[in-house]
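Here is a short note to help you find your way around. Please keep the view open as you read.

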Amino acid sequence: MNEVKSIKNICCIGAGYVGGPTMAVIAQRCPHINVNVVDLNAQRIADWNDANLDKLPIYEPGLADVIRDARGRNLFFSTDVEKGIDEADMIFISVNTPTKTYGVGKGMAADLKFIELCARQIAQVAKNDKIIVEKSTLPVRTAEALRTILHSTGNGVNFDILSSPEFLAEGTAIQDLHNPDRFLIGGEQTERGEAAVQSLVDIYLNWVPRENIVTTRVWSSELSKLTANAFLAQRVSSINAISALCEKTGADVDEIARAIGKDSRIGAKFLKSSVGFGGSCFQKDILNLVYLCRHFNLREVADYWEQVIKMNDYQKHRFSKNIIDSLFNTVSGKKIAFLGWAFKKDTNDTRETAAMYIADELLQDRAEIHVYDPKVSEEQIFADLEYLQTHRVGQYVEQGEIMSMEEIRSLVTVHKDPYNTMQSAHAIAILTEWDEFKTYDWEKVYNDMLKPAFVFDGRNIVDKDQLDAIGFDVYNIGKGK
Ligand SMILES: NC(=O)C1=CN([C@@H]2O[C@H](COP(=O)(O)OP(=O)(O)OC[C@H]3O[C@@H](n4cnc5c(N)ncnc54)[C@H](O)[C@@H]3O)[C@@H](O)[C@H]2O)C=CC1
Ligand SMILES: O=C(O)[C@H]1O[C@H](OP(=O)(O)OP(=O)(O)OC[C@H]2O[C@@H](n3ccc(=O)[nH]c3=O)[C@H](O)[C@@H]2O)[C@H](O)[C@@H](O)[C@@H]1O
């Protein structure tokens with residue numbers, strides 16, 4: 001093996017949901033390493049640097065404590081990308097890789113333009129050898145394209161490319177980073193490659209046991225990330241498929257999850273039936289996988305994974321259709337209170353949240369929607385609804401008509417108080433599993449609502465027996481009436 005480089009300076013390009021928390025934890029656990037997180041988005045960087053830790057750009061339990069420990073000591077946030085690149089011996093690329101919205105692969109393939117820009121900038125700025133770590137989720141063999149771009153300048157600088165995809169889940173990011181099931185590193189099986197892998201292993205070893213650091217070839221590492229997300233999303237779609245059957249037969253999906261989860265081969269986690277999975281990654285990564293399979297002419301494999309997305313679309317559609325059907329076939333002019341907008345609890349992230357799709361279907365029928373979410377801003381909610389009007393893709397969404405923002409604003413109200421949200425409502429839709437929803441004074445909510453008072457619990461979190469006893473008409477996911 002070549003000499004293993006001891007890393008003193010890390011630069012991370014991309015200060016988002018992954019770059020921010022991941023680098024904050026590396027800095028916290030490795031006080032001997034300088035960590036510079038750089039981003040083009042000046043507002044984001046200003047928020048990361050804000051003295052008031054409530055203003056951090058992302059909400060994650062425990063994140064503020066980590067920032068307090070490391071920021072200004074060996075953790076820095078800056079817009080000076082060139083300086084970050086120049087000073088680093090290891091560069092993490094953690095920029096966004098969204099689904100392409102144009103051209104070849106539109107609606108399926110990952111858009112790698114941000115990755116490519118990073119590679120070009122690194123190639124242009126770097127004056128000494130660097131280890132480049134792919135932290136973003138990428139299609140298999142992206143490292144090859146990176147290598148071509150990085151080595152194109154012919155200036156004699158060497159780059160070793162590693163893949164180290166991130167497996168944190170939002171809402172538990174800090175916990176996941178402190179105690180990961182595994183960190184994964186893919187590297188080349190050459191002397192140089194092995195030395196580069198060891199440099200990154202040495203960083204993770206500062207807080208993670210060696211047996212939790214998995215090393216593989218580069219392509220396996222890249223594809224493991226897409227595979228992990230596909231398997232996780234598939235579990236949610238599988239239990240959601242069963243929830244539809246439960247509603248027809250009187251079986252209870254939570255009881256089934258408990259029963260099958262006791263089988264150690266199946267396991268108990270990730271079997272919570274819901275209104276549908278959201279988040280920036282499951283859909284995007286499966287679409288990317290499907291695109292790759294089609295590219296390699298693996299039609300059956302592509303169709304197999306695509307079904308996970310179709311089932312998720314169906315689950316969201318089923319939920320909104322049930323609301324409309326139950327409210328006597330129309331929600332026009334009716335007040336529907338939304339509890340929750342984030343794609344899961346303990347995050348302010350709303351990307352691909354089921355809530356916006358449910359809202360869209362109800363708005364198509366001209367419902368009046370009143371939203372309360374403890375962490376999502378009004379501005380974000382309208383931005384999400386606007387996004388949907390401009391991206392009418394997906395088997396149900398594309399059937400809807402494009403609505404003007406003026407019309408949407410006349411139908412949607414965002415509240416800061418949950419009780420105001422629910423006052424005089426015809427129905428409540430619970431769309432995120434925030435713990436506080438369980439603690440509400442449901443007696444008071446009932447008294448202030450129109451009757452019959454409907455609750456559509458898209459997360460199965462409130463006590464159905466208690467609500468039934470109060471007089472509510474409660475619909476759960478996967479529980480026959
Ligand atoms: N959000 C999540 O929980 C997870 C995301 N991932 C993956 O990590 C990657 C990043 O995801 P997020 O952090 O959620 O995205 P994000 O959108 O929150 O952050 C990406 C950041 O990169 C910046 N950026 C883009 N191009 C740049 C450039 N050329 N120079 C400097 N900054 C640039 C953007 O301004 C943005 O702030 C994606 O590939 C995603 O699939 C992986 C695991 C978990
Ligand atoms: O690549 C990524 O971005 C990340 O995607 C997911 O993390 P995340 O999307 O943040 O959150 P999850 O906890 O996986 O939840 C995703 C969605 O599935 C839903 N879900 C999850 C679990 C479940 O049992 N039921 C269910 O409906 C959640 O409500 C949420 O809408 C993976 O869990 C992470 O390992 C991965 O790093």
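**Notes on two ligand shells and a helix pair**

1. Let's start with ligand 2: 21 residues surround this ligand, and Lys272, Ser274, Phe277, Gly279 and Cys281 are the closest (a residue counts if its C-beta atom, placed from the backbone, lies within 6 Å). This is a predicted model, where local features need pLDDT of at least 70, side-chain atom pairs count only at pLDDT 80 or more, and totals for chains, interfaces and linings use all residues. Residues are numbered from 1 along each chain as its sequence is written, while chains are lettered from A and ligands numbered from 1 in the order in which they are written.

2. Where does ligand 2 lie? Domain 1 (9-208) and domain 2 (232-476) both give residues to its shell, so ligand 2 lies between them; the bounds come from an automatic or database domain assignment.

3. The largest share of the ligand 2 shell, three residues, comes from α9 (helices are DSSP runs of H or I, at least four residues, numbered from the N terminus).

4. Now for ligand 1. Of the 26 residues around ligand 1, the nearest are Gly14, Gly16, Tyr17, Ser136 and Thr137. Helix α5 (residues 113-125) gives the most to this shell, with three residues.

5. Back to α9. Helix α9 (residues 218-249) packs with helix α12 (residues 299-326) at an angle of about 45 degrees, their axes 9 Å apart (axes are lines fitted to C-alpha atoms over the stretch in contact, and angles run from 0 to 180 degrees between N-to-C directions).

Note on methods: Helix = DSSP H or I, 4+ residues; strand = E, 2+ residues; numbered from the N terminus.
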